[in-house]
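Colleague: Got a minute to walk me through this one? I'd like the overall picture before the details.

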Protein chains: 2
Amino acid sequence: MSKNKNLPIDATEHVASGGLLNRRLFLNTAIATTAALATTRAAYGQEVVGEGQEDWTLYPGSDALEYGERSRFEVERVKKFVPKVTEANEDYYALRTTNANSLTPHQHLTGTITPGGLHFSVTHHGIPDIDPDQHAVVIHGMVKQPIKLDINALENCPTVTREHFIECSGNSGALWSETARNITLDRSHGLVSGSQWTGVLLSTLLDECGVSPGAKWIVAEGADSGSLSRSIPFEKAMKDCMIAIAQNGERLMPNQGYPFRLLNPGYEGNTSIKWLRSIYVTDRPVMSRFETSRYTDRMPDGKSLQFSLEIDVKSMITRPSNAMSLPKHGVYEITGLAWSGRGKVSRVEVSVDGGTTWADAALEGPVHDIMLTRFRIPWMWDGGTAILQSRATDEFGRVQPTRTEMIARRGRNASYHFHAIHSWGVATNGEITHVYA
Amino acid sequence: MSKNKNLPIDATEHVASGGLLNRRLFLNTAIATTAALATTRAAYGQEVVGEGQEDWTLYPGSDALEYGERSRFEVERVKKFVPKVTEANEDYYALRTTNANSLTPHQHLTGTITPGGLHFSVTHHGIPDIDPDQHAVVIHGMVKQPIKLDINALENCPTVTREHFIECSGNSGALWSETARNITLDRSHGLVSGSQWTGVLLSTLLDECGVSPGAKWIVAEGADSGSLSRSIPFEKAMKDCMIAIAQNGERLMPNQGYPFRLLNPGYEGNTSIKWLRSIYVTDRPVMSRFETSRYTDRMPDGKSLQFSLEIDVKSMITRPSNAMSLPKHGVYEITGLAWSGRGKVSRVEVSVDGGTTWADAALEGPVHDIMLTRFRIPWMWDGGTAILQSRATDEFGRVQPTRTEMIARRGRNASYHFHAIHSWGVATNGEITHVYA
């Protein structure tokens, strides 16, 4: 380990017990380099290739692709978890009728934008293969003039670009289990992803149609083989819903709703109807299959909550995690993501002693409404045991609960909207496991 | 065309001649829908599939992929332009020694983030296929303690995530030609792209090494077969340069420098050395091949500018463009991207009469330092001829010049840093061509 002798590590400011350091003190900490070189090289260009390493300059390079692909060294290392219904395993997400679900491997990702190829999908009826020239959305019902738009018509409309996350209400459902299993972050928190979306605001289109008095809900329906549909309050539809025609700059991938989807910011993911083909304006919800037999929250008394649509405040530590071990004592960055379905994340605290003491992490701005926010805090690991946790607060004062608090309130019949504090246990040998704490 | 009769189009506010509308008036304009439906549908779910269209609900869906791919309907429609050295064409970018260049098709993209697969690359010696376990970067020269870091060591360092564009100084070089050719936007402006980058600030690593007094430059060198290297002022290296380990959340693609590259925000792209293997701290520039025989600007008097590193203020209209025709009279959104190598874009003006009158476009925030900024303005096309232009200003008051002004200042020996106003000519039949105006 290299260490700047002029600025010893104990000059840094401890802000909570267990080694959490002041978030402004990133510099002059002891970085765990691959190797401290014994001598300064005398001249430019001399022996920069290390012992036992390849000199890549000896090989000719390849040509460019029309659409870039990942390195062959990444393909097996970073991929989505696709639960299989045929596997006799205990995976929560395998309790499905298709193999069309996929979960984002946040343990290997950075920043706040999820690459298109790694965005999660929950798809109850498989992924349609839609020819955009043979597909349109109809806006109808309680409107003066119904309209039909295909992708070309939508591209000619006024558009907006906004960053938003989508989270399935079933995300982290595995954590309702009685005992903690050492599952990786994709399996516990892989049903949330963040994107830069471009689309046409539904308010633009509904104004164009001329909505009739008395409209209170819209019903959005997809062109998947099960015609998944959800009722959405009209007020929310007019506030910030859009028909998304692009994700991270390019058209959506098939599993994201190609050629276009509804984007319903901050509401549970299944309301952002993919392969959108109908927006029906009405005065009441339709009580469709996916808002009655599924996606309702059962309470301790056996009754169910109706239309528990908004995503709670939540966070997760993405690194370190049980996808790695800590190779040696020293300074590490604890980083992760926080989000709220109502607006901006205002604070993320981190604890390394299982919640006894907390320190504020740095939020990496600009913080967007209803978007993943990256947090970071340096941590000096001295080799002892530790329990790493993050706790998010949003601009409305909502605070992420402990698991105990959440179960006390929601009971044990629940299966959706798990958003309690998540814990990584660190052993003295640097091994990390998922624990309940 | 559907039109809200209660709010006729002439109620909108004209802000420049030729039909430019107030940027806040997006609503209640005449949207060119695919079809206005003759009657309001009587009941939910009835006949939402249009005449002659497929009913996609009749087909079973497919399974999920571990890494998502684009729709088969996008593959040929949207791809990078890869100039071939073997083609006997006049394409500016084909004057290269490899087929490893690729240009971003901005005419088909939205937002500000360029998907990884569509990020441009200029690569003089082909794309190396680097095993990250066999590659490291050495920081050495005028430092107290040289260090060597591989991707794992870099991932354990304190990191930052920032959005930045990269532009090749050769971008738009085709527009130095005497006469305008009707080239698409990828061929004229495809050597700029925007990403969310995550990396370790060079200042963090240089502080860790302990830089010796008298250091004035760094020399960054890549592991491509030509060991491309550039000298960068030390002050700039300490200000905001990073070793980028991720792009849009995932590791870099091979043509972006996998496993890591230097990111030198706002300086010409070739200084953001890919496949980085050496950072050499020194007291003078090394005058390497790519900062002498290439990438210097020849002035009218035959002398060359030394180290013209900073990218100018620039913009382009991405839609409408010559990749489309205007299908009918009506309201269109004029949208595009603006950027500055020095900081934030503060203003973008749009003209539809070849620069006689200008109107302020809306900038879509948050506006980042040294990043593509999306602008938008609605335009009522009445069917006449038009010349669409955009003019960017940055927070330092730098204004994008006209082509005439630029050639008057830079002469005709120049081949880099073309950043003048670009023009789209609209004909009465809706056809669009690239013109000089």
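Modeller: Sure. Keep in mind that this is a predicted model. Chain A has 5 helices and 23 strands.

Colleague: And how much of chain A counts as buried?

Modeller: Of its 437 residues, 55% do. As for contacts in chain A between residues at least 6 apart in sequence, 71% of them link residues at least 24 apart.

Colleague: OK, on to the two chains. How many residues does each bring to the contact?

Modeller: Chain A puts in 119 residues and chain B 118. On the chain A side, strand β12 (residues 276-282) gives the most, with 4 residues. That side splits into 47 nonpolar, 49 polar and 23 charged residues.

Colleague: What rotation puts chain A on chain B?

Modeller: One of 180°, with 0.0 Å of shift along its axis and an RMSD of 0.0 Å. So the two copies are related as by a two-fold rotation axis. Also, 99% of chain A's interface residues are interface residues in chain B too, so the copies meet through the same surface.

Colleague: Switching topic: which strands make up that open sheet in chain B?

Modeller: 4 strands, in the order β6-β7-β10-β11, with antiparallel pairing. At the edges sit β6 (160-167) and β11 (261-263) of chain B, each pairing on one side only. From one strand to the next, the twist averages 60°.

Colleague: How many bridges join β10 to β11 in chain B?

Modeller: There are 3, and these strands run antiparallel. A244(B) is opposite R261(B), which belongs to β11(B).

Colleague: Which helix lies across β7 and β10 of chain B?

Modeller: That's α3 (residues 202-209) of chain B, running at about 30° to β7(B).

How values were computed: Residues are numbered from 1 along each chain as its sequence is written. Chains are lettered from A and ligands numbered from 1 in the order in which they are written. This is a predicted model: local features need pLDDT of at least 70, side-chain atom pairs count only at pLDDT 80 or more; totals for chains, interfaces and linings use all residues. Two residues are in contact if their C-beta atoms, placed from the backbone, lie within 7 Å. Helices (H or I, at least four residues) and strands (E, at least two) are DSSP runs, numbered from the N terminus. Ala, Val, Leu, Ile, Met, Phe, Trp, Tyr, Cys and Pro count as nonpolar, Asp, Glu, Lys and Arg as charged, and the others, Gly among them, as polar. Copies are superposed by least squares on the C-alpha atoms of residues with pLDDT of at least 70 in both. A residue is buried if 20 or more other C-beta atoms lie within 10 Å of its own, exposed if 12 or fewer, and partly exposed in between; C-beta atoms are placed from the backbone. Two strands pair if DSSP finds at least two bridges between them. Axes are lines fitted to C-alpha atoms, for helices over the stretch in contact, and angles run from 0 to 180 degrees between N-to-C directions.
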